[in-house]
Amino acid sequence: MEMPAATPVASRLRSFVVFEGGGAKGLVHVGALRALETEGRFDFQGYAGTSAGAIVAALAAAGICASDIVDPETGQTILDRVEERFRKPTSIFGRGRWPVIRAFRAVWFFLKSRRKRFIAGLCFVLISAAFFVGVYYTLLPNIYMLFSIYGFVLSVGFALGIYMIGHFFSAGLGRLGDFRALLQAVLQNKLFPNDPDHTVVFSDFGAGFGPTLKIVATNITNCSLTLFCPENTPNISVADAVCASICLPVLFGRWSVRGADYYDGGLVSNLPAWCFDEERLIDPKAVTIGIEIDASPGAEDLAKETWWVKAIRTIIFGASVLNKRAVNAFISIRLSTEVGLLGFDLGRPKTLQVVLDAENATRVQLQRHFEEPRVLARFCQLAQVVVQKELENNPEALKTRVISKKIRASLAVAPNGHKKSVRLEHCTNFETDEDIGLVLPMEGSFAEEWRSSPTPKLFKKEDLLHYLRDPKHDERRRVIRSDLQWVFCVPILANDGDLRFVTAIDGGDELAHEWRGLNELFTNLGQKISDIFAEAVELV
């Protein structure tokens, strides 16, 4: 693989990487991590993860690079360097437990079909009926004497059977003891190769010891979320925290750490993008990179699922929008895969291909993320130049007859999921102004105009003050450039006709509104700007 030119550390983006849970689907995290590491533009400050993401986060924080975990080029994996009994990914479930998991998976897949569930239920009813009929005729000669004894024995047997089945699933189909020992050994060999007795704990990360590490688990003792990290749990074993985070009910029994019982962290926060909130307050220029797993089934598959399966899917994957909603400077890498939740027996060729596909998909998304702002900023600059030249060529449009103050250009963009606000982005000539990145409400600002009527509009200074007259806009009025005289807004539509963003160009020289050609001038400018950004829409 051709590596990109190294970026000086001082100019790299300080980054926090968050890995989502997803069982065997978490294999895509390795490919995403390979792409991030070889990109050369990131300075990793910390890692966090839930469930399968917790495993990758722990390895990455310990300095184990993605190519050491799975390398599609050499075909080697991290399991090739451990004990023989841990060489298969299925060893995560404990010795001799995979056949049980595989049988459970087969039954699960069989029962996913409504037709097959009906057949299975019908067979159960027929077998039960045959059993009771057989017992009835066998005991018929002594039915009055033995019925009560038989009924008592049958009831006790049924109750014991239900209890044993419940206990079996509560104890879990797999065992995490071997995996815990394996992970502890891997982390210890990497961080403390000369101290074989050292138990790797959270205080071994962050605060001068490399990237920090945070892991989420569900505390069922206190009915709460637990965030394992150097600040909260400095002396807790990382291997124990990871086991707590991956402890999915039914597959595993609850995992105990310091007297508390835990289950899979995906039950409370499957994408813990929020866990670096304090770090971002201290370092606002840092970015959070979320590696998400697209676990949405197709419409046909979704129709086959029962309501409780859909409910579980919603609990685990549906809350990611909340976990990342308030995170600024968030880079979302969303990866899809055909690997199943329990697809730990893929085989090496498919494993390598999944990692390689995820790596390539991550590179494409990273390129789009970093290239799109550059493209849009360049088009903002072109729009600013066009307006400035037209005003220079038509000095009668200005009361001063000459441009004495700067003309700026930006895009008003609605962040994903936002319906009431826009943010000024991709700004040109905003270098010394406080309103760069300003958030404007749709209602109560000039942004409301182009939402209801997507046509170019020219706003005077008094119009802006009118729109921002509400006391809740006091801070916005304060940061807007003091010499602002006008804003020219041009809505830019996507190919499907929906509003994509709005070009907002403003100036500090007062316009000659009494000049008859002013409206025609800005009408022509609106068309030119629309033509400029038509190409931008095609590119991004």
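Biologist: How many bridges join strand β7 to β8?
Modeller: This is a predicted model, in which local features need pLDDT of at least 70 and side-chain atom pairs count only at pLDDT 80 or more, while totals for chains, interfaces and linings use all residues. Residues are numbered from 1 along each chain as its sequence is written, and side-chain values use heavy atoms, with hydrogens and water left out. Strands are DSSP runs of E of at least two residues, helices runs of H or I of at least four, both numbered from the N terminus, and two strands pair if DSSP finds at least two bridges between them. β7 (residues 255-257) and β8 run antiparallel, with Val257 opposite Ala260, and the number of bridges is three.

Biologist: Which residue in the turn of the β7-β8 hairpin has a positive phi?
Modeller: Two residues lie between β7 and β8. The one with a phi of about 50° is Arg258.

Biologist: Which residue of β8 is the bridge partner of Asn219?
Modeller: Strand β5 (residues 212-219) also runs antiparallel to β8, joined to β8 by two bridges. The partner of Asn219 in β8 is Tyr262.

Biologist: Which residues of β8 point the other way from Ala260 and Tyr262?
Modeller: In a regular strand the side chains alternate between the two faces of the sheet. Residues 260-263 of β8 are all buried, that is, under 20% relative accessible area (exposed is over 50%, partly exposed in between; 1.4 Å probe, protein chains only). Opposite to Ala260 and Tyr262 point Asp261 and Tyr263.

Biologist: Why does Val268 count as partly exposed?
Modeller: Val268 sits in the loop between β8 and α9 (277-282). Val268 counts as partly exposed because its relative accessibility is 35%.

Biologist: Which helix gives the largest share of the largest nonpolar core?
Modeller: A nonpolar core is a set of buried Ala, Val, Leu, Ile, Met, Phe, Trp, Tyr and Cys residues joined through side-chain atoms within 4.5 Å. The largest has 80 residues, and Phe228 and Val238 have the most contacts inside it. Eight of its residues come from residues 52-61, helix α2.

Biologist: Which residue in β2 stands opposite Phe16?
Modeller: Strand β1 (residues 13-19) is mostly covered, with five of its seven residues buried. Seven bridges join β1 to β2 (residues 42-50), and the two run parallel. Opposite Phe16 stands Gly46.
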